[in-house]
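Hello,

I am passing a structure on to you, since you have not worked with it before. Please open it and keep it beside this note as you read.

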Amino acid sequence: MSSETQVSTTRQADTDLKRVVIRTVNLRKIYEKKGVITEALRGLDTEINAGEFIAIMGPSGSGKSTYFNMVGGLDSPTSGRVFIDEVDVAQLTAVELAFLRCRKIGYIFQQFNLIQYMTALENVTTPMAFAGVGPDEARVRGMDLLDIVGLKDRWSHRPIEMSGGQQQRVAIARSMSNLPMILLCDEPTGNLDLKTGREILDILFRLNKERGVTIICATHDPRMLDLCDRLMWIRDGLIERVARRDEVTIEVGSINNELE
Amino acid sequence: MKTIDVKNQPTLSLNRTFEISLNGTRYRLFRSVVTVVVIAVAIAFMMNVVCEAISTQAIARAARERTAQQRLANVWSARLSMAATPEATLREVAGAPDGDPLLQEAAKLGNLTPARLQTYHDNAVQAVRYLDFFTALPYATRRSLVHTAESTAVFDLLQQSKAQTTFNDVVAKYKVRVPGGTDALYAFATVWGTTVKGDTDAIIAGHTAAIATLTPLLKGRVMHEALVDADKDFGAQVQQAGFVAFDAKTRAAVADQARQTMQIAFIEDSIQHMEARQQLASRLGGSTIPGDITLKLLWDTLTDRDTASWYLGFLTSAPLKLDAGGLTAARVTELARGKNEMGALDNAVRLTADTSSNARMTWLVLVSLLVCVVGISNAMLMSVTERFREIATLKCLGALDTFIMTLFLLEACLLGLVGGAIGSLAGSIIGFSRMLSTFGGRMLFLAFPVGPWLIGMLLAIGAGVVLAALAGVYPSYMAARLAPMEAMRIE
Ligand SMILES: Nc1ncnc2c1ncn2[C@@H]1O[C@H](COP(=O)(O)OP(=O)(O)O)[C@@H](O)[C@H]1O
Ligand SMILES: [Mg+2]
């Protein structure tokens with residue numbers, strides 16, 4: 001799992017720089033619960049290019065998960081628009097949304113969200129079944145994906161029989177099962193210890209570099225700095241700052257302070 | 001600019017869905033078992049009530065039929081010794097189906113031609129309908145309508161136009177619904193006056209005359225005793241006298257019963273003798289004293305063949321030297337067993353006589369159905385609501401709403417089927433064993449309602465499946481319709 005060694009020479013993001021896969025226009029989300037109104041997102045305009053690795057940073061409660069849910073078509077915004085590959089998500093029917101979630105986007109959650117009664121392999125092959133892949137082909141592809149995350153020999157284990165890091169790796173394999181072009185991760189290392197978190201980030205990094213998957217990762221893990229192309233800070237539902245990594249590394253000390 | 005072409009998502013095959021559903025049910029075995037148990041208990045409760053209702057009904061019917069048969073000797077004893085009333089005659093003719101010997105008997109006694117008998121029969125059916133109508137009326141209404149006229153006297157009364165006027169007024173005032181309308185009733189009253197009454201009287205007269213011819217045949221006995229010979233010359237002579245319906249088959253059955261009655265009387269009378277009581281008490285041993293010997297105890301003791309043989313021997317030898325009239329030990333045991341069965345029959349008739357129990361049963365079935373609805377929906381709701389996160393996750397992976405609904409539908413049906421099957425079986429066992437202790441095994445065995453029971457089983461299982469399916473699919477439908485994150489937020 002040593003992605004420390006120099007990976008790919010040409011960067012996907014550089015060759016296909018201008019292709020925008022995700023665009024949000026004046027994105028707003030207001031939660032109302034028992035009369036209490038929370039403005040989780042207050043007008044976000046963002047653009048994410050194909051092949052980019054984006055880290056979304058911000059303190060807890062700043063709106064990272066809300067942004068993630070809107071962009072992934074998992075919840076509907078109060079106002080504003082989300083375009084995935086220039087398709088307005090709000091215009092899609094329920095069936096088309098299912099198609100989008102099945103093949104265009106992979107999701108990785110902080111709580112892993114594996115199906116408890118399925119084995120690792122079944123968890124990975126379920127989205128393939130939804131996509132209409134036959135069981136035999138699904139098994140082969142599922143084993144390959146488990147191999148990539150280093151869990152080939154644990155294919156028959158159920159989630160409760162695995163550690164957090166292993167569960168998250170199964171979740172990554174599952175998110176890749178229909179080869180999506182976008183991978184959305186909501187605090188993928190939030191529930192893991194430092195070393196395991198590092199392994200997860202390495203896998204994500206390799207997927208980005210070797211397969212050109214666009215990765216959007218909400219996190220407050222400072223190690224993300226080494227991996228991502230761009231960083232986006234959100235605070236109180238607004239974009240505070242967007243910066244390329246090379247602009248940030250110089251001031252790394254101050255960022256670390258900010259995170260503490 | 002290239003756009004993703006968003007196509008339709010394929011539907012997962014039912015086979016795969018069932019596999020996944022079964023997988024999940026197995027994994028959550030404890031939860032599933034709890035749900036199945038709740039469904040089973042609810043269905044068992046309902047099935048229990050249903051079983052008791054259907055067996056009570058079947059036993060009531062069987063008991064009435066059998067006791068009616070056993071009254072055959074009594075019925076004939078009465079018919080052969082007492083003149084009938086007009087109403088009884090009408091009812092007998094009306095209740096006899098075409099070709100019944102009772103009809104020929106009526107024709108012979110009343111000297112009616114076959115055509116006239118047919119008309120008389122139709123009129124008797126009419127008459128009985130009206131008689132039933134008048135019997136069912138509240139006393140005050142009846143009194144206003146026909147004053148003190150009873151039974152067939154109302155037909156006599158309603159031939160008069162003055163009585164008809166009063167009748168019309170009261171019908172209008174109390175809004176009485178006369179079957180077929182008042183005009184038809186008056187028309188019948190006229191027919192009654194012109195032919196039916198005369199025919200009825202003729203039959204009764206013939207009947208009375210026939211009874212008179214029987215007196216010398218009795219040779220001083222009362223009719224009930226004489227009927228012991230019903231399967232011999234005496235019976236044939238009775239039929240000769242005009243009682244056409246007293247055919248060979250009836251005679252045999254009546255003689256049999258009359259003999260049985262005599263034999264039972266012989267055994268039961270025997271404990272009037274102090275010696276018999278003493279012997280029985282010492283044979284039973286222990287602390288039994290002669291005063292303890294009751295009829296029930298006597299019959300219970302006599303179900304044992306050896307005891308029966310001993311007792312019969314004792315009665316026929318010195319000092320009592322009673323005449324047992326050809327009674328054998330085997331017959332005594334048979335009687336003793338039959339006596340127990342009679343007890344069960346009488347018991348069953350008494351227990352099922354209460355007509356209000358029908359309404360109570362309906363009420364109980366409704367309540368048990370309500371228990372099922374509440375219990376099953378609660379169990380299913382709980383097992384679905386704790387899986388909203390799973391529903392949301394499946395939606396994130398690209399599941400269609402229909403897949404999620406099918407998944408939960410299959411699972412609910414499976415749980416409902418297993419719970420329903422176990423429950424209806426358990427309910428039947430409980431219900432029938434309760435009936436067993438109430439009515440006794442022989443009675444239940446004789447009248448076991450196989451058909452209604454099977455239908456009840458199917459309905460109970462069906463109720464389990466349908467209720468579970470509805471209660472499982474509804475919340476899963478609600479959850480599946482939500483956006484994944486909204487479903488995930490529901491706790
Ligand atoms: N379902 C909800 N109902 C009401 N308020 C919510 C809900 N989800 C999130 N919020 C609020 O929206 C804000 C942003 O939340 P979230 O996006 O989860 O932040 P983050 O993921 O950055 O920690 C918070 O103030 C949170 O309390
Ligand atoms: Mg969050």
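Below is what was found, starting with the ligand and ending with one alanine.

Please keep in mind that this is a predicted model.

The ligand site
Ligand 1 sits between chains A and B. The residues around it include Y31(A), T38(A), A40(A) and the run P59(A), S60(A), G61(A), S62(A), G63(A), K64(A), S65(A) and T66(A), with R489(B) on the list as well. By class, that shell has 3 nonpolar, 7 polar and 2 charged residues.

If you zoom in on the oxygen atoms of ligand 1, you will find some polar partners. A backbone N or O atom of G61(A) is 2.6 Å from one oxygen atom, and a polar backbone atom of S62(A) lies 3.3 Å from an oxygen atom of the ligand. S65(A) takes part through its side chain, with an N or O atom 2.7 Å from a ligand oxygen. On its own, ligand 1 has 560 Å² of accessible area, and the protein covers 71% of that. Two elements of chain A, β2 (36–49) and α2 (64–71), give two or more residues each to the shell; the largest share, 3 residues, comes from α2(A).

One alanine in chain B
Now turn to A308(B), which is found in helix α16 (residues 305–316) of chain B. Is A308(B) buried or exposed? Its relative accessible area is 1%, so A308(B) is buried, the cut-off being under 20%. Beyond its neighbours within four places in sequence, A308(B) contacts L302(B), A329(B), V332(B) and T333(B). Of these, A329(B) is 21 residues away in sequence, with 5.4 Å between the two C-alpha atoms.

Enjoy looking around!

Conventions
Residues are numbered from 1 along each chain as its sequence is written. Chains are lettered from A and ligands numbered from 1 in the order in which they are written. This is a predicted model: local features need pLDDT of at least 70, side-chain atom pairs count only at pLDDT 80 or more; totals for chains, interfaces and linings use all residues. Side-chain values use heavy atoms; hydrogens and water are left out. A residue is near a molecule or strand if one of its heavy atoms lies within 4 Å of it. A polar contact is a pair of N or O atoms within 3.5 Å; within protein, one must be able to donate a hydrogen and the other to accept it, and residues adjacent in sequence count only if both atoms are side-chain atoms. Accessible areas come from the Shrake-Rupley method with a 1.4 Å probe; for residues, only the protein chains shown count as cover. Helices (H or I, at least four residues) and strands (E, at least two) are DSSP runs, numbered from the N terminus. Ala, Val, Leu, Ile, Met, Phe, Trp, Tyr, Cys and Pro count as nonpolar, Asp, Glu, Lys and Arg as charged, and the others, Gly among them, as polar. Buried means under 20% relative accessible area, exposed over 50%, partly exposed in between (1.4 Å probe, protein chains only). Contact means heavy atoms within 4.5 Å.
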